[in-house]
There are 2 protein chains.
Amino acid sequence: MQMADADSRPTLADVAARAGVSKSLVSLVMRDEPGAGAETRRRVLKAADELGYHPDSRARLLRSGRSRLLGVVFGIQHAFHVDLVTALYTAARDSGYELALSAVTPDRDETEATTGLLQDRCEALIMLGPQTPAHALARLTTRLPVVVLARGVRGADVIRTADADGLHLAVDHLGRLGHQRIAHIDGGRAPGAADRRRGYREAMDASGLSRHVQIVAGGLTEQAGTTAARALLDQSHPPTAITVFNDRCATGVLDVLLRGGKRVPEDVSVVGYDDSHLARLAHINLTTVAQDVHTMTKLAVARAIERIEGADVAHRTIVVPPQLVIRGTTGPATT
Amino acid sequence: MQMADADSRPTLADVAARAGVSKSLVSLVMRDEPGAGAETRRRVLKAADELGYHPDSRARLLRSGRSRLLGVVFGIQHAFHVDLVTALYTAARDSGYELALSAVTPDRDETEATTGLLQDRCEALIMLGPQTPAHALARLTTRLPVVVLARGVRGADVIRTADADGLHLAVDHLGRLGHQRIAHIDGGRAPGAADRRRGYREAMDASGLSRHVQIVAGGLTEQAGTTAARALLDQSHPPTAITVFNDRCATGVLDVLLRGGKRVPEDVSVVGYDDSHLARLAHINLTTVAQDVHTMTKLAVARAIERIEGADVAHRTIVVPPQLVIRGTTGPATT
DNA sequence: CCGTTTTCCTGGAACGTTCCATAAGTCGAG
DNA sequence: CTCGACTTATGGAACGTTCCAGGAAAACGG
């Protein structure tokens, strides 16, 4: 009859046989649900313990139709994504859901990363700064709830920072320090770059500095920062302050300045974006616009779970205010 | 009849109904097994695509008793781990196994990361520079195959770089450039640090530079690098060359040197370790000891699969030779 | 003492796959 | 033709759970 094989794990049926009850009853007891007598309950637990029984989560999940899994698609090379994932773990900790990570690498695109998560039957997807075109995202949302972080897109739930406001903060700060020739090194087509460019322009206009507006093509990497910085320094009237698309790019800028014999912030002020761990390092000590990672991830998890549990309202965009973190790379204008 | 519910995901049966074939046949096609005609195969794939069907891995592995999952435990904050994970995806690509990522964060320790993977029924674990004590690792290996990357430990399969050799390469290179006062900023208790310290000592001895041996406490971060570098520069006779535990720490060192008015490599040469993407950046351009990420990850995946498929030999350590990558931070000694 | 509720328990049908046994058709050889 | 061998397809039994409908026995209220 029912024999617990030596090589295969014991099942509900094995425990039931040993305790002399039905499978259903054992199932109840294991889940700590009411409906079993005190004495029987003890007997079942004893039998389970003796057999070294552990419920098989795959079968459990299969039957109950739930995986309690939140899929996360992220770029493992992006410092800021790493910060977000770290915070997501914390945010998900007490929600009753687990995180399933799927990385985008130079050799593994977003489609592949997403497919993997779908096979794991994640109940919702949290995508960090996805590059997937809007229509493909829209198609995804018909299959399962999708929360997009750090990129604005129609047809999905979005949590993002008020990037334009972020550049207002940066420009205003520099303006108060007396800077006029404030340049911006942008992020090209990266998520958020357009908003930051717009914010920069608006803020310059609002401060009456329209004629000093100067936008240089940058990118997400140190490399992009060095190239852009060199271009700026080669001018006859280089800027006295630079706002940069993100921290990583800003470290490239800093490096060029230092090597070019410019002092920071005495000769040139620099403001980054993200407040990634890079910016906090004592020797970089970068003034930067902080995205509220804690709030964003908390909201993302909450939103995903709301969707899973049936909230069926229209997709909503939540915009989180940024905050300026003043450190050592900004100072009074001297020119 | 069989209707694809709007709210529930499509199953094999749905695809079968739409393509006008049996569930079994669809199953074959999805697994890319022989036994289906070319025309039918196409029809099935089309139907699956139209429905947006994705196989349910839980049901799949419940039935087959396998998960075909390799669990990866890694520190998401470590640049080098990120490089390794990236390469692991590539290495696993054609093996028939998938990767399940579980990150260690400041808020989520290795035990937690490991437990998660065990519940997912991974068939083997690949652990990157784990801090878990040896006896706990040993207990793990009784439950499933464990491959340890970038850390030497008894009682498990280990793939690591010949770290001592790495420092031989670095010191010899500096020696040939005429350097004598070559210091080492170490990695404390980090995996590999002890070997690198030893390699440094041996190489100095072998070059007849024993009396110039100087080891300063460092660590894995930029922060640690800055502290150590300051300590070195404060000396009456500062070294003309520095070997550093890893690239990240080395960037901290570089920063202190630049700010202190030292030119690199004219005044001081610096050698890093790992050849992480950090080192390759044009403006850092760090001479460094490269770990052969490609080979290491390939071996790790192969080893894990061998174990899964029953190889029951003793645990083995595979040591991969490092390679010196000469870039711009090393030059002839001038003192 | 009879109905009604409550408590404790059981059997069997799902969940979405894979795997096995088998069948129908095709083809070439004897 | 008939036989076997191959190819292509099918139906149904697992896998280890949970969930649902129900049933027997005990408890309760009148």
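Copies are superposed by least squares on the C-alpha atoms of residues with pLDDT of at least 70 in both. This is a predicted model: local features need pLDDT of at least 70, side-chain atom pairs count only at pLDDT 80 or more, and totals for chains, interfaces and linings use all residues. Residues are numbered from 1 along each chain as its sequence is written, chains are lettered from A and ligands numbered from 1 in the order written, and side-chain values use heavy atoms, without hydrogens and water.

**Exercise 1. Find how chain B is related to chain A.**

Step 1. Start from the general case: two copies of a chain are related by a rotation about an axis and a shift along it.

Step 2. Superpose. Chain B falls on chain A after a rotation of 179 degrees with 1.5 Å of shift along the axis, at RMSD 2.5 Å. The two copies are therefore related as by a two-fold rotation axis.

Step 3. Locate the axis. In chain B, the C-alpha of B:Arg58 comes closest to it, at 1.4 Å.

Step 4. Compare the interfaces, with contact meaning heavy atoms within 4.5 Å. Of the interface residues of chain B, 87% are also interface residues in chain A, so the copies meet through the same surface.

**Exercise 2. Describe the protein surface near DNA strand D.**

Step 1. Set the cut-off: a residue is near a strand if one of its heavy atoms lies within 4 Å of it.

Step 2. List the neighbours. There are 22 residues around DNA strand D; A:Ser27, A:Arg63, B:Gly37, B:Thr40 and B:Arg63 come nearest.

Step 3. Look at the DNA side. Of the strand D atoms within 4 Å of the protein, 62% belong to sugar or phosphate and the rest to bases.

Step 4. Check individual atom pairs. Polar side-chain atoms of A:Tyr53 and A:Arg60 each lie 2.8 Å from a phosphate oxygen of strand D. For B:Arg63, a polar side-chain atom lies 2.5 Å from a base nitrogen.

Step 5. Assign elements. Helices here are DSSP runs (H or I, at least four residues), as are strands (E, at least two), numbered from the N terminus. α2 (23-31) and α4 (57-64) of both chain A and chain B give two or more residues each. α2(A) gives the most, with 4 residues.

**Exercise 3. Work out the strand order of the sheet in chain A.**

Step 1. Apply the pairing rule: two strands pair if DSSP finds at least two bridges between them.

Step 2. Read the order. The 6 strands form an open, mixed sheet, β7-β6-β8-β9-β10-β12.

Step 3. Identify the edges. β7 (214-216) and β12 (323-325) of chain A each pair on one side only.

Step 4. Inspect one pair. β6 (residues 182-185) and β7 of chain A run parallel over 3 bridges. A:Ala183 stands opposite A:Gln214 in β7(A).

Note on methods:
Polar contact = N/O pair within 3.5 Å; in protein donor to acceptor, adjacent residues only side chain to side chain. Nonpolar A, V, L, I, M, F, W, Y, C, P; charged D, E, K, R; others polar.
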